[in-house]
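The following paragraphs lead the reader through a single protein chain, with attention to confidence, strand pairing, aromatic rings and charged side chains. Please keep the sequence and the structure in view while reading.

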Amino acid sequence: MPNGKLTYQRGEIWWVDLNPVLGSETGKERPCLILQNDVGNKNSLTTIVAPLLPGTRTFPFVVNVKPTEQNGLDCDRHINFIQMRAVDSQRIKNRQGRVEDHYWDAIEIAVAIELGFSSAFRSG
């Protein structure tokens, strides 16, 4: 959150209003994983999020997450890193929970694949 106040932190899941959308963007108010580091979260008017969509998928840019008391999810969901984006802090609504530590290796790999930082998926 801006002005040096840390309201949301990397790894937390918050409900985020993703409307309005253009084309194939994910819309609605959805749970999203906060990806941006906490220095940015403390000092920026925006943060980077990735939506958690219902169900599971088997793509290299997706991480499947099971519901637990810690993450507060209501059903099996997948973090779709194709849909990660920067959002204004005004879009962030209510805290849902926190993703468990054991997902972070898979999250790091999925982000690297999606952004082309993984040599296995680099084009050109």
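Among the elements of the chain, the mean pLDDT is lowest, at 93, for helix α1 (residues 38–43), and highest, at 98, for strand β4 (residues 62–65). The model is a predicted one. Over the chain the pLDDT averages 91, and 92% of the residues score at least 70.

The strand pairing may be followed from strand β1, which spans residues 12–17. On one side of the account stands β7, to which β1 is joined by 4 bridges in an antiparallel arrangement. Strand β2 (residues 29–34) also pairs with β1 in the antiparallel sense, here over 5 bridges. Strand β1 therefore has two antiparallel partners, β7 and β2, if a pair of strands requires at least two bridges between them. Trp 14 illustrates both pairings: Arg 95 stands opposite Trp 14 in β7, while Cys 32 is the bridge partner of Trp 14 in β2. A further position in the pairing with β2 is Val 16, which stands opposite Arg 30.

From β2 the path continues to strand β3 (residues 46–54), with 3 bridges joining the two strands, which run antiparallel. Leu 33 has Ala 50 as its bridge partner in β3. How is β2 placed with respect to the rest of the structure? Of its 6 residues, 5 are buried, so β2 is largely enclosed by the rest of the structure. In a regular strand, side chains alternate between the two faces of the sheet.

Strand β7 covers residues 92–98, and Gly 97 is one of the residues within this strand. Gly 97 has a relative accessible area of 1% and is buried, because the threshold for that class is under 20%. Which residues does Gly 97 contact, leaving aside its neighbours within four places in sequence? They are Glu 12, Ile 13, Gln 70 and Asn 71. The C-alpha atoms of Gly 97 and Thr 68 are separated by 9.2 Å, and these two residues are 29 apart along the chain.

The aromatic side chains provide 2 pairs. In one pair, the ring centres of Tyr 8 and Trp 14 lie 6.2 Å apart and the ring planes meet at 75°, so the pair is edge-to-face. Tyr 8 and Trp 14 are both buried. In the pair formed by Phe 59 and Phe 61, the ring centres are 5.2 Å apart and the planes are at 5°, so this pair is stacked. The accessibility of these two rings' residues falls on opposite sides of the 20% boundary for burial. Phe 59 is partly exposed, with a relative accessible area of 45%, whereas Phe 61, at 18%, counts as buried.

The charged side chains may be considered last. Side chains of opposite charge can pair when their charged atoms come close. How many salt bridges does a search of the whole structure find? The search finds 4. One of them is formed by Arg 95 and Glu 12, whose closest N and O atoms are 3.2 Å apart. This pair links distant parts of the chain, with Arg 95 in strand β7 and Glu 12 in strand β1, 83 residues apart. Arg 95 is partly exposed, at a relative accessible area of 44%, but Glu 12 is buried, at 7%.

Glu 12 also takes part in a salt bridge with Arg 98, with an N to O distance of 3.8 Å. Arg 98 belongs to strand β7 and Glu 12 to strand β1, so the pair ties together parts that are 86 residues apart in sequence. Arg 98 counts as partly exposed, with a relative accessibility of 25%.

Another of the salt bridges brings together the side chains of Lys 66 and Asp 76, at 3.2 Å from N to O. Both residues lie in the loop between β4 and β5 (77–80), 10 residues apart. Asp 76 is partly exposed, with a relative accessible area of 29%. Finally, salt bridges that share partners join Glu 12, Arg 95 and Arg 98 into one network.

Conventions. Residues are numbered from 1 along each chain as its sequence is written. This is a predicted model: local features need pLDDT of at least 70, side-chain atom pairs count only at pLDDT 80 or more; totals for chains, interfaces and linings use all residues. Side-chain values use heavy atoms; hydrogens and water are left out. Buried means under 20% relative accessible area, exposed over 50%, partly exposed in between (1.4 Å probe, protein chains only). Contact means heavy atoms within 4.5 Å. Rings of Phe, Tyr and Trp (its six-membered ring) pair if their centres lie within 6.5 Å; planes under 30 degrees apart count as stacked, over 60 as edge-to-face and the rest as tilted. pLDDT is the predictor's confidence in each residue, from 0 to 100.
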